[in-house]
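Colleague: I would be grateful for a close look at a single part of this model, with the terms explained for a first-year student.

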Amino acid sequence: MLRGGEGVKRAGKGVVRARVLVDFESGRIVEALVTGDFIAYPEDVVWRLEAFLKGAPISEVHARVAAALEGARLVGCSPSDFADAILDAVKKAGGTV
């Protein structure tokens with residue numbers, strides 16, 4: 001069963017928003033969209049994060065976020081802010097974290 005949810009995490013200097021589509025039968029993220037008013041360099045790092053999350057088991061969110069954001073410069077936010085927003089979205093979609 002596919003279900004969607006949206007999560008928000010207030011970071012030190014901004015907000016990270018995540019929208020996810022989750023397949024709860026397989027326990028995997030089907031699609032993820034990350035937005036917000038944070039600053040991240042290089043500019044394509046958010047697209048890399050979204051690609052790393054596609055098909056990821058929910059249990060691997062923290063590891064996938066860390067791998068995708070490795071070497072990125074984040075201003076006012078941290079990788080854990082991204083993971084928290086994503087997991088909040090999974091929870092709001094009706095899943096357990």
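Modeller: The answer below begins with one buried residue and then turns to its setting.

This is a predicted model, in which local features need pLDDT of at least 70 and side-chain atom pairs count only at pLDDT 80 or more, while totals for chains, interfaces and linings use all residues. Residues are numbered from 1 along each chain as its sequence is written, and side-chain values use heavy atoms, without hydrogens and water.

Glu50 lies in helix α1, residues 45-53; helices (H or I, at least four residues) and strands (E, at least two) are DSSP runs, numbered from the N terminus. Glu50 is buried but has no salt bridge. Buried means under 20% relative accessible area, exposed over 50%, and partly exposed in between, with a 1.4 Å probe and protein chains only. A salt bridge is a side-chain nitrogen of Lys or Arg within 4 Å of a carboxyl oxygen of Asp or Glu. For Glu50, the nearest side chain of opposite charge is Lys54, 9.7 Å away; Lys and Arg count as positive, Asp and Glu as negative, and His and the chain ends are not counted. Apart from neighbours within four places in sequence, Glu50 is in contact (heavy atoms within 4.5 Å) with Ala32, Leu33 and Val34.

As for the setting, the protein has three helices and five strands, in the order β-β-β-β-α-α-β-α along the sequence. Of its 97 residues, 41% are buried. By contrast, Leu2, in strand β1 (residues 2-11), counts as exposed because its relative accessibility is 51%.
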